[in-house]
Amino acid sequence: MLVTAGCAGSGTQRFSDEELDALVADKPKGLCADYRRLYREGERNEVLNYCRIGAQALRLGLYDEAKDAFDRALAGIEVVYADSPQAKKARKLWYEERSKVFKGDPYERAMAYFYRGLLYYVDGEFDNARACFRSAQLQDAFAEEAQHRSDFAVMDYLEARCNMRLGRADMAGDSVDRAHEASAGHGGLSFPPLDPEDNLLVVLETGSAPVKWGDGKHGEYLRYKRGPSEEVSAKAFLDGSPLPAPLRSADVYYQASTRGGRELDYILGRQARFKESTEVIGEASARIGTGLLAYGLAETDEDVTKAGLAVGAVGVASLILSSRARPEADTRYWESLPDSIWLISAKVSPGRHDIEVAYMGSGGSALPRPRWHREVEVPGGNGVEAVVIVKR
Amino acid sequence: MAETTYGLRIHAGSRFWLCGSRLGPLADIMLWRYIDWQAKMSDRRCVMREKVMFVLGAALVIGALCGCSGPGGGNRPGRPVTRIDPSRPGEVAGLGIESQDLEEVADKMLRSILDTRVIAEAEKAPTVVLLPVENNTRFPINKDIFLSLIKARLNSEAKGKVRFLARDEMEAVKLEREQKRAGEYDYDPTKQAAKLLGGDYFLTGKLEGMSQKGREGASDYVLYTFKLIDAETTEEVWEDYAEMKKEGLDDVIYR
């Protein structure tokens, strides 16, 4: 009875394999695995999985699917969770951070807005694109140290570019100034000059996502490390001729790692201390109880036997309490993010072109892998540009 | 308070919890019956307490062994589809522009625009062309939705005081006219218009926003302005606004 009662509702899979097959039957082939994961993992990872789907759709050039996925992810990100049952649980000792609905860290939320903004930009909806870049920048406003707040400078630069396309040169100037100011402290970040006559914008990515890990005895402190990567830069070619060198415009790892402490870290730290103290008490009580029990049984002393049982029970209960405390930080992360974002802005002849991208290793030589390739139609009219998103 | 047969005093509604999960009413009843039965076996209160302790200990051990250590936030049960009044806030709320904002703004603009002199006192219902709304907030929105809503409500509630021109359907209208005049389609020639109708006014709008976010919370102010522009003189014959401010702070688990 207890087994049934105690374990009800802990499963995460609602759908059988057959049901999952049916659910993803109408999805593009390259997204089926991500959609299966979405349905399998449910609400807890919904935002994360829609981000993954959006990124994969971008990689495959499936822009409509990417828009839909990012819209859904952003809808989840924008929900304000206050006084929710989960929030109440969070204050309890038994709260496990990874059980919460994933909304992502500020850098992950910002990147979801970044991609959605690029997709609006591709469609020429510059005001909605600008809205996304502004929201992206705002996600970064929670950093503990003031100098790291709202310093995702590429968002300001892209906002400037939107303003330029909207004919708001004054606002474009302000935004680009903010971009340069925000990037001043980050070594090596720069942006292409704003030129309304440019008709090609290439957005490149290198490296892999920042990795979250739990530091401390129980993994209670959330930390970040730079994701492993072979490539350190990239080169782009238009019909075989090199385009201007890409400019490294964002360091995603830097954004992740400069967030500073979270309020939740204090709760997890308290849980870790509780876990340690109950573990010590439990072990000691269990040992004492076992000793008393053995003595009582050997000496047929009923009182000592009972005392041993009682102390042992306290020890067991304490150990159980200790094992139930879950101070580990939530280390779920969006793996398909890059380490760095690079931009190329150029004025090229209108018409159909082949774009290729080669990734370079640490020695400056091209990595032995096929070049990324896509055809692009570059418009001729002033104020219109083709946007190429090279999702890693 | 209630008292079991052998004096164990418990709260009347006492329930058993395990691993943060409620065991359920059946488990409560069975556990308390067992405790009561144990108490019957001996009238020594201390022994009974020991047994209670053992029962609880055993329950905890079984609970711990039964594999409840996975994340507790798996799939929550679903919720049946319910119809929500779009003019009321839903259960899922954010700081962004939501359906009740659209309704509220559209309602205010509708009442205001109908009171304006060029419409209320016009002898002949003026023709209006919709121009795109500019979004200068941090929220990506479907920009057509405001004007579509205002237009639909003006059409349904203004009783012909305003006429809208379907400029977004221009290609289809032109094609239809050409094919009718070419004799491909039958039509009533008395209804033939020499030219397409020109607009008397443009109706357009703008959304401006101010956003702040920090450790104390997030706040978003959105100013909605709409105006009617005379298509001959550029005179702004009507303008009105609505404003909204929302504040919120995620609970500690998301900060």
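A residue counts as buried if 20 or more other C-beta atoms lie within 10 Å of its own, as exposed if 12 or fewer do, and as partly exposed in between, with C-beta atoms placed from the backbone. By this criterion, 46% of the 392 residues of chain A are buried. The model is predicted: local features need pLDDT of at least 70 and side-chain atom pairs count only at pLDDT 80 or more, whereas totals for chains, interfaces and linings use all residues. Residues are numbered from 1 along each chain as its sequence is written, and chains are lettered from A and ligands numbered from 1 in the order in which they are written.

Q: What makes chain A more spread out than a compact globule?
A: Chain A holds 13 helices and 10 strands, these being DSSP runs (helices H or I, at least four residues; strands E, at least two) numbered from the N terminus. Its radius of gyration, taken over C-alpha atoms, is 27 Å, and the globule rule gives 21 Å for 392 residues, so the chain is more spread out than a compact globule. That rule is 2.2 Å times the number of residues to the power 0.38. The C-alpha atoms fill a box of roughly 100 × 50 × 45 Å along the principal axes.

Q: Why are H12(A) and H13(A) called roughly antiparallel?
A: The axes of H12 (residues 263-298) and H13 (residues 302-324) of chain A cross at roughly 160° and come within 7 Å. Angles under 35 degrees count as roughly parallel, over 145 as roughly antiparallel, 65 to 115 as roughly perpendicular and the rest as oblique. The two helices, H12(A) and H13(A), are therefore roughly antiparallel.

Q: How do you know whether Trp334(A) is buried or exposed?
A: Trp334(A) has 25 other C-beta atoms within 10 Å and is therefore buried, the cut-off being 20 or more. Trp334(A) lies in the loop between H13 and strand E7 (340-346) of chain A. Its contacts (C-beta atoms within 7 Å), not counting residues up to four places away in sequence, include Leu48(A), Cys51(A) and Ala209(A).

Q: Why does Asp239(A) count as buried or exposed?
A: Asp239(A) has 12 C-beta neighbours inside 10 Å and therefore counts as exposed, since the limit is 12 or fewer. Asp239(A) sits in the loop between strands E4 (233-238) and E5 (241-242) of chain A. Its phi is near 50°, a positive value in a residue other than glycine.

Methods: Axes fitted to C-alpha atoms, helices over the stretch in contact; angles between N-to-C directions. Contact = placed C-beta atoms within 7 Å.
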